[in-house]
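Reader: I've just opened this one up and I don't know where to look. Could you walk me through it?

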Amino acid sequence: MSILTELDEAEIQLEFLKSLPFVDSDRIAVFGHSQGGLIAGLLGGKHPEEIRCIALSSPGFNIGEDWKKGILNGLDPEKLKRKGWMDIKGYKIGYRYYKDALDTPTYEIASHYHGPVQIVHGNADKIVPIEYGRRLKEVYGKNCTMIEIEGADHDYSSVPFADARVRHTVDFLREHLS
């Protein structure tokens, strides 16, 4: 599994959805949280005419970016290459995951989407620091709104944080899919 294999799978799912007789292919939205937000952003960038709007929650655009900056969080690229995988906090990270994350121009791909985007991000997120959400907002430009939830962490781990994230996402989707 890597961000590119997940993107391939998302593209297959998009094509399948469009083939269903009960799906209005002019009203397809994508939503993703964390790495799912990265994939949703990439899917929109690769299929800008097929996606009506994108809702993102703490989008993981730091995957690869941190590694490029030398922030490796326990990852040893040479050991990973030799062994083929590493155990990072209980996740089995394969070399392809590392390589794809490092080599994929995520912001460039996302920049091809010009429809409505909403980013919801907690300002206490230590997994995907809010600076990445702010940078992504700049990439999307005037069609992007960003909602910063004061005190929310990456998992929105309180009822008020989770409720706020859901409420903002649902309101955005209703507005752009109605």
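What follows is a short chat about charged pairs, a surface patch and two residues inside a predicted model.

Reader: Let's start with charges. How many salt bridges does a search of the whole structure find?

Author: Side chains of opposite charge can pair when their charged atoms come close. Counting such pairs here takes a nitrogen of Lys or Arg within 4 Å of a carboxyl oxygen of Asp or Glu. Searching the whole structure that way, the number of salt bridges found is seven.

Reader: Take Lys46, then. Which residue does Lys46 form a salt bridge with, and which helix is that partner in?

Author: The closest N and O atoms of this pair are 3.4 Å apart, and the partner of Lys46 is Glu11. Lys46 sits in helix H2 (residues 35–46), so the bridge ties together parts that are 35 residues apart in sequence. Glu11 itself belongs to helix H1.

Reader: Is Glu11 buried or exposed?

Author: Its partner Lys46 is partly exposed, at 43% relative accessible area. Buried means under 20%. Glu11 has a relative accessible area of 17%, so Glu11 counts as buried.

Reader: How far apart are the closest N and O atoms of Glu50 and Lys18?

Author: Glu50 and Lys18 form a salt bridge. The pair links distant parts of the chain, with Glu50 in the loop between H2 and strand E2 and Lys18 in helix H1, 32 residues apart. Glu50 is partly exposed at 23%, and Lys18 is partly exposed too, at 27%. Their closest N and O atoms are separated by 2.2 Å.

Reader: Which residue is linked with Lys18 and Glu50 in a network of salt bridges?

Author: Lys18 and Glu50 form a salt bridge. They also belong to a network of salt bridges, and the other residue linked there is Glu15.

Reader: What about Asp100 and Arg96: why are they separated by about one helical turn?

Author: The two form a salt bridge, with closest N and O atoms 2.9 Å apart. Asp100 is buried at 12% relative accessibility, whereas Arg96 is partly exposed at 47%. They are about one helical turn apart because both lie in helix H5 (residues 95–103), and their spacing there is four residues.

Reader: Now the outside. Which helix gives the largest share of the positive patch?

Author: The patch is a positive one on the surface, made of Lys79, Arg82, Lys83 and Lys92. Arg82 is exposed, with 65% relative accessible area, and its place is in helix H4. Three residues, the largest share of the patch, come from helix H4.

Reader: And the inside? What relative accessibility does Ile54 have?

Author: Ile54 is found in strand E2. Not counting residues up to four places away in sequence, Ile54 touches several others, including Val30, Ala40, Tyr113 and Phe172. In space, the C-alpha of Ile54 is 8.5 Å from that of Ile119, although the two are 65 residues apart in sequence. Ile54 counts as buried, with a relative accessibility of 0%.

Reader: Last one: which strand is the place of Gln118?

Author: Gln118 counts as buried, since its relative accessibility is 5%. Beyond residues up to four places away in sequence, Gln118 touches Ile54, Leu56, His168 and Phe172, among others. The stretch that holds Gln118 covers residues 117–122, and that is strand E5.

Terms used: Residues numbered from 1 in each chain as written. Predicted model: local features only at pLDDT ≥ 70, side-chain atom pairs only at ≥ 80, totals over all residues. Heavy atoms only, no water. Patch = residues over 30% accessible without salt bridge, like charges linked within 9 Å, V, L, I, M, F, W, Y side chains within 5 Å. Areas by Shrake-Rupley, 256 points an atom, 1.4 Å probe, with all protein chains shown as cover. Salt bridge = Lys/Arg side-chain N within 4 Å of Asp/Glu carboxyl O. Lys, Arg positive; Asp, Glu negative; His and termini not counted. Charge placed at Lys NZ, Arg CZ, Asp CG, Glu CD. Helix = DSSP H or I, 4+ residues; strand = E, 2+ residues; numbered from the N terminus. Buried < 20%, exposed > 50% of the residue type's maximum accessible area, 1.4 Å probe, protein only. Contact = heavy atoms within 4.5 Å.
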